[in-house]
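Here's a quick tour of a protein model, with a stop at its aromatic rings, a cavity and a loop. Have a look at the structure first, then read on.

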Amino acid sequence: MKRILLLLCWCLMPWISWGQDVQYSQYYANPIYLNPALVGSSGMTRVGFNFRNQWPALDQTFLAYTAYADHYNERLNSGFGLIIQGANESFTETNWNELGLAYSYRLQLSANQFIQAGMQGSFISRDASFGKVVLGSQLDINSGQVDLSGSGIAGESLVRAMDAHAGLVYYGKRAWLGASMAHLLTPEISYLVDGTSMLPRKLGIHGGYRFNLAPGYINDYVNNTDQERSFSVGFNYKQQGQFSQLDLGTEFFFDPLALGLWYRGLPTKYGLPNHESLVAMLGVSLDSGLDVGYSFDFPLSTFQLGRSGGSHEVSLRFVFRSPGQGRRSHSPLPSFRY
């Protein structure tokens with residue numbers, strides 16, 4: 001029975017991960033992954049790191065990470081970025097890694113309105129070892145026995161490909177709206193026969209609105225400093241292949257703390273229930289320019305918290321400020337911080 005369950009997990013894993021992109025919960029703390037048009041959106045130099053541990057209660061792990069750096073050149077109205085990301089699934093020892101270079105251009109429409117367009121070119125590698133995988137051809141349905149004499153796939157399997165992504169973002173003083181298209185080159189993902197399984201393009205649409213609340217004050221025992229207070233609402237829609245999803249969320253920012261809540265669920269292509277999870281987030285923005293965020297996914301589906309362990313995600317981000325810049329110097333983009 002245990003081997004049959006492992007077989008089912010293996011069959012489902014490509015749907016969850018390798019046939020679909022990794023899904024992070026802290027979208028705006030992972031800006032280049034969300035949309036290459038967000039390269040340089042801080043208006044300064046920025047480095048960041050994201051780590052996700054999905055379903056830790058399972059015997060097999062699924063880990064994902066992103067590391068990035070970007071810089072905005074005001075004279076060229078351009079952003080330049082580097083992103084390194086990957087994921088690992090322990091059952092098949094499957095590893096996916098991507099190295100990408102990104103560029104964006106910012107066009108100013110008025111004093112407080114901008115359009116930013118970006119593109120990214122990437123090199124992708126996918127490696128797998130199928131020594132522990134039980135294939136359907138090895139399973140005797142009648143007896144439940146497994147014949148491990150031949151797997152049909154020997155040793156390690158490697159896939160190497162090039163890919164490209166593009167995006168566009170409009171933002172004003174309080175509202176923003178962006179769209180992105182990932183995997184323009186639809187790279188090969190099959191380990192068996194070339195040209196038989198291509199990674200589908202992913203469409204993303206995201207946006208929101210920020211409400212500025214009455215400011216407060218922070219007392220540092222020497223003087224009072226203005227405290228930013230805001231409340232934001234937003235959405236993030238994703239469609240890839242036959243799968244689609246709409247996330248709705250809110251974020252409160254009471255400088256230096258941020259509290260966020262996302263509902264991940266609707267819609268599905270077939271109109272079936274898709275209540276996946278609630279995402280709770282806590283973040284802090286330090287005076288040094290360091291932002292730290294943590295989020296946890298509470299499952300709402302039949303894949304309950306006790307079975308999966310939910311999902312943990314951590315983000316670190318550091319913005320290098322120029323001499324003379326204020327205590328808090330954020331991008332003109334009025335989006336979520338995490």
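Two rings of Phe, Tyr or Trp (for Trp, the six-membered ring) count as a pair if their centres lie within 6.5 Å. Keep in mind that this is a predicted model.

**Aromatic rings**

By that rule, the count comes to 14 aromatic pairs. One of them is Tyr28 with Trp176, an edge-to-face pair with 6.0 Å centre to centre and 90° between the planes. Tyr28 lies in the loop between H1 and H2 while Trp176 belongs to strand S7, so this pair ties together parts that are 148 residues apart in sequence. Are these two side chains' residues buried or exposed? Buried means under 20% relative accessible area; Tyr28 counts as buried because its value is 8%, and Trp176 counts as buried at 4%.

Tyr28 and Trp176 also belong to a bigger picture: ring pairs link them with Tyr27, Trp262 and Phe336 into a cluster.

**An arginine over two rings**

Arg106 is worth a click too. The charged end of this arginine sits over the ring of Phe114, and Arg106 also lies over the face of Tyr72. Here are the distances:

| Charged residue | Ring | Distance to ring centre |
|---|---|---|
| Arg106 | Tyr72 | 4.2 Å |
| Arg106 | Phe114 | 5.8 Å |

**The second largest cavity**

Searching the whole structure turns up two cavities of 30 Å³ or more. Let's take the second largest, which has a volume of about 210 Å³. What lines this cavity? There are 21 lining residues, and those nearest the centre are Asp21, Tyr33, Gln85, Glu98 and His183. Sorted by class, the lining has 10 nonpolar, seven polar and four charged residues. Several elements chip in with at least two lining residues each: helices H1 (2-18) and H2 (31-34), plus strands S4 (94-110), S5 (113-129) and S7 (175-182). Strand S7 is also where Trp176 of the ring pair is found.

**His275 and its loop**

Last stop: where is His275? You'll find His275 in the loop between strand S13 (257-264) and strand S14 (277-285). With a relative accessible area of 40%, His275 is partly exposed. Leaving out residues up to four places away in sequence, His275 touches Tyr263, Arg264, Gly265, Leu300 and Ser301. Leu300 is 25 residues away from His275 along the chain, yet their C-alpha atoms are separated by 5.6 Å.

Conventions. Residues numbered from 1 in each chain as written. Predicted model: local features only at pLDDT ≥ 70, side-chain atom pairs only at ≥ 80, totals over all residues. Heavy atoms only, no water. 1 Å grid on protein atoms, 1.4 Å probe; cavity = no way out; pocket = protein on both sides within 12 Å on 5 of 7 lines; lining within 4 Å. Points joined across faces, edges and corners; volume = space filled by probe spheres on them. Helix = DSSP H or I, 4+ residues; strand = E, 2+ residues; numbered from the N terminus. Nonpolar A, V, L, I, M, F, W, Y, C, P; charged D, E, K, R; others polar. Phe/Tyr/Trp six-rings, centres within 6.5 Å; stacked < 30°, edge-to-face > 60°. Buried < 20%, exposed > 50% of the residue type's maximum accessible area, 1.4 Å probe, protein only. Lys NZ or Arg CZ within 6 Å of the ring centre and 35° of its normal. Contact = heavy atoms within 4.5 Å.
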